[in-house]
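This report goes through one structure by topic. Please keep the sequence and the coordinates at hand while reading.

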Amino acid sequence: MTTENLELFEVFIRSKRGLDHKHVGSLHAEDPAQALEYARDCYTRRSEGVSIWVVRSADIVASQEDDAESFYDPSDDKPYRHATYYQLPDPVNNM
Amino acid sequence: MTPEEQNFMRKIETEEKIEPKDWMPEAYRKNLIRQISQHAHSEVIGTQPEGNWITRAPSLRRKAVLLAKVQDEAGHGLYLYSATETLGISRDEMIAALQDGSAKYASIFNYPAQTWGDVGAIGWLVDGAAIVNQVSLQRTSYGPYARAMIRICKEESFHQRQGYELMLELCRGTPEQKAMAQDSLNRFYWPALMMFGPHDSESAHSARSMQWKIKRESNDDLRQKFIDQTVKQIEFLGLEHPDKAICWNEARGHYDSGEIDWDEFYAVINGNGHCNRQRLQHHIKVHEEGSWVREALAAYNEKQKARKQQAEANKSNQNVA
Ligand SMILES: [Fe+2]
Ligand SMILES: [Fe+2]
């Protein structure tokens, strides 16, 4: 069997209720339903999660790491967005 | 209790979060929609009093800081609208409810920011009070709301610190500047206390919200926390405390304080604050003026879709040929 005609899916797992889904890897499958079952078999064999998301890799729009410099540049020169930028005297510093 | 209800209550009792696709009682869903959308509206309407000062900030540094803060608040609105949408209500419905007055937002934003000192008092006291509330809500029972709160709390600390730093600068300045700081403190202290809502005994939604762990601490407990932490901050600025009855109670381990003017609280909630009408009018005006952007986006999407369909049609024609 070849994986050539199978679609690529990205797998996201919520390890515990209340937490975000985290990306854990990818797999090939015929359709979303099959991808979900594969994901269960591949990625949650040891109760790693309570919820799985599968998303067609082709549907993911991603930023390019090569462009990171110019992409994030607008926030690099704004240290005042950080709490630590504001120096307060010790007695009132815990806010 | 149905098995569904039992399962729901078991999750609540064992501190498991409720997630969007879980079964939940209709009243729980409604209660959450009311609270989270109100919270979202507050973030967005709250940009008005401060936004008013962006062009008049006294230095480039202060202007950049204020701009960054207002930008954060708009972002908080987005996180919270998105969290509300997971409960099956649309953005349009929420905006409509805000604009026709059926949804509320925090009353504090119906007070005007009249002086530069007010910008400091808002960051220090209004964001300070919001933080006390939001830290507690990080443990709320609805997953998307709890995660939005965690994200928001990480961003809030700078808001309070820049406000306090601004006040500190005024208090170390000329007598006129210090008087301005005192005046802002006097006007914003009581409304900040009102942000925690009515006394527990008077609060309409509280009991059920606590039972469902939507709220984790009572209005009065949260308010007490804020009162306690603010005393030494006022002292350090060298300002006079607006509450003349403030007094340390050794036995309770808390400050005793004077009574809030509840008539003012209900008057502002019921639409008779300084800026109620202005805030909504401004929101409606900006929303309408922005409609061309939404229309342009929709037109662009249509065009892209048509272009894609055309390309696909051409391709299959070629294949046939
Ligand atoms: Fe905020
Ligand atoms: Fe804030």
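The sections below cover the metal site, a sheet, the interface between chains and the salt bridges.

## Basis

The structure is a predicted model. Local features are described only where pLDDT is at least 70, and side-chain atom pairs count only at pLDDT 80 or more.

## Iron site in chain B

The iron ion (ligand 2) takes its protein donors from E73(B), D127(B), E156(B) and H159(B). E156(B) is listed with two OE entries, while H159(B) donates through ND1. The donors lie 2.0 to 2.7 Å from the ion. Along the sequence the donor residues follow the spacing E-x53-D-x28-E-x2-H.

E73(B) also serves as a bridge between the iron ion (ligand 2) and the iron ion (ligand 1). The two ions are 3.3 Å apart. E156(B) and H159(B) both belong to helix α7 of chain B, which spans residues 143-171. They are three residues apart, about one turn of the helix. E156(B) and H159(B) are both buried.

## Sheet and helix in chain A

Chain A contains an open sheet of three strands, ordered β2-β1-β3 with antiparallel pairing. Strands β2 (22-29) and β3 (51-56) of chain A are at the edges and have a single partner strand each, so one side of each lacks a neighbour in the sheet. On average, neighbouring strands of this sheet are turned by 30° against each other, direction ignored.

Strand β1 of chain A (residues 7-14) is joined to β2(A) by seven bridges. One pairing puts E10(A) opposite S26(A), its bridge partner in β2(A). Helix α1 of chain A (residues 32-43) lies across β1, β2 and β3 of chain A, and runs at about 120° to β2(A).

## Interface of chains A and B

Contacts between the chains involve 17 residues of chain A and 25 residues of chain B. The area buried between chain A and chain B is about 2100 Å², and carbon and sulfur atoms give 56% of this area. R17(A), Y86(A) and M95(A) supply 37% of the area that chain A buries against chain B, more than any other three residues.

Five salt bridges are found across the interface of chain A and chain B. In one salt bridge, the side chain of D20(A) meets that of R147(B) at 3.3 Å, N to O.

## Salt bridges

Over all chains, the whole structure has 29 salt bridges. R14(A) and E19(B) form a salt bridge through their side chains at 3.2 Å, N to O. This pair crosses between chains, with R14(A) in strand β1 of chain A and E19(B) in the loop between α1 (3-13) and α2 (26-45) of chain B. Both R14(A) and E19(B) are buried.

Within chain B, E15(B) and R216(B) meet in a salt bridge of 2.9 Å, N to O. E15(B) is in the loop between α1 and α2 of chain B and R216(B) is in the loop between α9 (206-211) and α10 (219-237), so the pair ties together parts that are 201 residues apart in sequence. E15(B) is partly exposed at 43% relative accessibility, whereas R216(B) is buried, with a relative accessible area of 17%. The side chains of E240(B) and K244(B) also form a salt bridge, at 3.3 Å, N to O. E240(B) is exposed at 51% relative accessible area, and K244(B) is exposed at 61%. Elsewhere, salt bridges that share partners join R14(A), D20(A), E19(B), R147(B) and R151(B) into one network.

How values were computed:
Residues are numbered from 1 along each chain as its sequence is written. Chains are lettered from A and ligands numbered from 1 in the order in which they are written. Side-chain values use heavy atoms; hydrogens and water are left out. Donors are N, O and S atoms within 2.8 Å of the metal (3.2 Å for Na, K and Ca); water is not among the atoms, so sites may look incomplete. Helices (H or I, at least four residues) and strands (E, at least two) are DSSP runs, numbered from the N terminus. Buried means under 20% relative accessible area, exposed over 50%, partly exposed in between (1.4 Å probe, protein chains only). Two strands pair if DSSP finds at least two bridges between them. Axes are lines fitted to C-alpha atoms, for helices over the stretch in contact, and angles run from 0 to 180 degrees between N-to-C directions. Contact means heavy atoms within 4.5 Å. Buried area is the accessible area (1.4 Å probe) that two parts lose on being put together, summed over both. A salt bridge is a side-chain nitrogen of Lys or Arg within 4 Å of a carboxyl oxygen of Asp or Glu.
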